[in-house]
Every structure is written in C-alpha cells, then in structure tokens.
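Please open the model in your viewer and keep the selection tool at hand, since this tour goes from one selection to the next.

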Amino acid sequence: MASSETATEPVDRTGDTLRHKVVTALRQGSAFLVVGAIGFLVDAGTYNLLVFWGGDGVLNHAPLVAKIISILVATVVTYFGNKWWTFAHKQGGSPAREYLLYTVFNVVAIGLQLGCLAFSRYVLHLSSPLADNISGTLIGQIVAVVFRYWAYDTFVFAESRSGRDLRDTRTRSGR
C-alpha cells in the first residue's frame, strides 16, 4: 500500500445517528413541555388577575372575555418560547406565516380539548367535576399537546425548503 493510501474500515454510524436523533427529540420535547408549562402559568395567572384580583377583578363580570385575553397572552409567550428555544435549530420562513399557522393550530388544539369534554358530557353523559377534569383537562390536554407538537414541528417551524424538497422528504418518511 502506498504511503498516500490508508486502509480504513467501514464505520457504522447508525448507532450514532439514532442516538443523536433520540437525544435531539428528548431535548426538543422537554423544551416544548417547559414552554407549554410557562404558557399554562401565564394563561392561568392572567385570567385570575383579570377576574379575581382584589376580590373583583376588572373583568369579573366578563370571564369569557378574560379567558380570551389570557389565551392570547399565553399564545404570544409560547410562540416566542417555541420559536427561540424549542425549534430554534430550524430556519423558518416568514414570521407572519409562522404566527398565522401557530394561531390556526392552537385554535384546532383548543377544539380538540373541547371535543374531549363535549364527548364526555354529551355522548357519555358524564357531568361530575371529576369526569370534566379527566376528559377536558387531562385527556384533552394530552391530545392537544401531541397535536401541537406534531403541527409545530411539521408545519409552523418547518425549515424552509422548496416544494419539491418538502414532497421528497414526506415521501421518504412515509407521511
């Protein structure tokens, strides 16, 4: 063998690639859950300040308006948390497009939560506080979180690609 030639054995990087993907997914998923928890606290805190601060808050007489405001504030907070931390590694497109899609997918996720509660109430005829909290809060929130994570990762904070590249990627991954 000449001095410029080196003998190399094939390197199996499958384990490294798989390990890297798992670690990345765990980090991204953990960041997503932390941002979501902060959003939950912002939502609950804003709502309670508007409705109950000082005994009778400024929107004590309008709790639905207060809830809309608190959801909007939490949506802004979680958008920037997810954009700058959870999905910061993705080079996205237009910020207006991202925020529009983020809002649309949040509305769908809220509908999923309400759907779980409605199914429990009107199909199963369960109306106790325990049933409402299990169906609307626990099950509904789990369904909504899984949906949001998938939607944000796939559509909202998707890396900029040409239409053909995006189709090729989806075809290869079986989507």
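Begin by selecting D132 in this predicted model; with a relative accessible area of 19%, D132 is buried, because the term applies under 20%. D132 is found in helix α4, which covers residues 129-156, and if you display its surroundings while leaving aside neighbours within four places in sequence, you will find D132 in contact with L117, R121, L126, S127 and T137.

Next, select L100, V104, V108, L112, L130, I134, L138, I139, I142, V143 and V146, which form a nonpolar patch on the surface with about 940 Å² of accessible area together. The elements that give two or more residues to this patch are α3 (95-123) and α4, and α4 gives the most, with seven residues. Within the selection, pick out V108, which lies in helix α3 and is partly exposed, with a relative accessible area of 38%.

Now turn to the aromatic side chains, of which the structure holds 18 pairs. Select Y79 and F80, whose ring centres are 5.0 Å apart and whose planes stand at 80 degrees, so the pair is edge-to-face. Is each partner buried or partly exposed? Y79 counts as buried at 3% relative accessibility, whereas F80, at 34%, counts as partly exposed. Extend the selection to F32, Y79, F80, W84, F87, Y99, Y102, Y149, Y152 and F157, which ring pairs link into a cluster.

Finally, select K67 together with Y47, where the charged end of K67 sits over the ring of Y47, 5.5 Å from the centre of that ring.

Terms used:
Residues numbered from 1 in each chain as written. Predicted model: local features only at pLDDT ≥ 70, side-chain atom pairs only at ≥ 80, totals over all residues. Heavy atoms only, no water. Helix = DSSP H or I, 4+ residues; strand = E, 2+ residues; numbered from the N terminus. Buried < 20%, exposed > 50% of the residue type's maximum accessible area, 1.4 Å probe, protein only. Contact = heavy atoms within 4.5 Å. Patch = residues over 30% accessible without salt bridge, like charges linked within 9 Å, V, L, I, M, F, W, Y side chains within 5 Å. Areas by Shrake-Rupley, 256 points an atom, 1.4 Å probe, with all protein chains shown as cover. Salt bridge = Lys/Arg side-chain N within 4 Å of Asp/Glu carboxyl O. Phe/Tyr/Trp six-rings, centres within 6.5 Å; stacked < 30°, edge-to-face > 60°. Lys NZ or Arg CZ within 6 Å of the ring centre and 35° of its normal.
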